Amino acid sequence: MKKHLFGTALLMCLVVISGVASAQITNIGDIQVYDAITGAPNSPFLGQTVTVSGALTVLKGTYNGGTYYLQDATGGMTFFDSAAGPFSLGDIIEVTGTVSYYSGEIQLSTPSAVFISSGTPVAATNVDLSALNYENVGM
């Protein structure tokens, strides 16, 4: 009986661990889609729960008491969670939330943020403002 209980407990642990580790990471650039003519949000992930991973480039307290900005190699996006953290600039985190629109921007609502590792703060990049359009919002 003890062997059976141990085997069952071990199997349950493996199922839980593999379920947590199998979250599919979505590129932020794939989520951040805006209409090229009107600039209106047009994310193909609207209403879907996604997980993104990247470096924090803006911490809560910069804009307000809970907005963070997260960037990966494909783009960036905000999420609001006043209870998240504490995090530092450059930290690598994973955020799971529902893709939604707020004030004309695409964001993750009802997010859950998990610290992955300490990172190096992202260096600023010079951008020619005349070259910006809705296709590179959030990059």
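I take two strands as paired if DSSP finds at least two bridges between them, and with that in hand I turned to the sheet of this predicted model.

**Fold.** I first listed the elements and found 2 helices and 5 strands in the protein chain, which from the N terminus on follow the order α-α-β-β-β-β-β. I then traced the pairing of the strands, and they form a closed barrel of 5 strands in the order β1-β2-β3-β5-β4, with mixed pairing. On average, neighbouring strands of this sheet are turned by 55° against each other, direction ignored. For one pair I looked up the details: β1, residues 49-58, and β2, residues 67-72, run antiparallel and are joined by 3 bridges. Within the pairing I noted that Val58 stands opposite Tyr69 in β2.

**Confidence.** Before going further I checked how far the model can be read, and the protein chain averages a pLDDT of 83, with 79% of the residues scoring at least 70. I set residues 4-20 aside, since pLDDT stays under 50 there and the model has 0 contacts beyond four places in sequence for this stretch.

**Whole chain.** I noted that 29% of the 139 residues of the protein chain count as buried, and that its accessible surface comes to about 8700 Å², of which 61% belongs to carbon and sulfur atoms. Looking at contacts between residues at least 6 apart in sequence, I found that 58% join residues at least 24 apart.

**Thr67.** Is Thr67, in strand β2, buried or exposed? I find a relative accessible area of 11%, and because buried means under 20%, Thr67 counts as buried. Leaving out residues up to four places away in sequence, I listed its contacts as Val58, Leu59, Lys60, Thr78, Phe79 and Phe80.

**Backbone geometry.** I kept in mind that most residues other than glycine have a negative phi, and that most peptide bonds are trans. Which two residues does a cis peptide bond join? I found this bond between Gly85 and Pro86, with omega about 15°, and I placed Pro86 in the loop between β3 (75-80) and β4 (92-102).

I also looked up two residues with a positive phi that are not glycines. Ser103 has a phi of about 55° and is found in the loop between β4 and β5 (105-117), whereas Thr110, with a phi of about 45°, is found in strand β5 itself. I checked their surroundings as well: Ser103 counts as exposed at 66% relative accessibility, and Thr110 counts as exposed at 66%.

Key: Residues numbered from 1 in each chain as written. Predicted model: local features only at pLDDT ≥ 70, side-chain atom pairs only at ≥ 80, totals over all residues. Heavy atoms only, no water. Helix = DSSP H or I, 4+ residues; strand = E, 2+ residues; numbered from the N terminus. Axes fitted to C-alpha atoms, helices over the stretch in contact; angles between N-to-C directions. pLDDT = per-residue confidence, 0-100. Contact = heavy atoms within 4.5 Å. Buried < 20%, exposed > 50% of the residue type's maximum accessible area, 1.4 Å probe, protein only. Areas by Shrake-Rupley, 256 points an atom, 1.4 Å probe, with all protein chains shown as cover.
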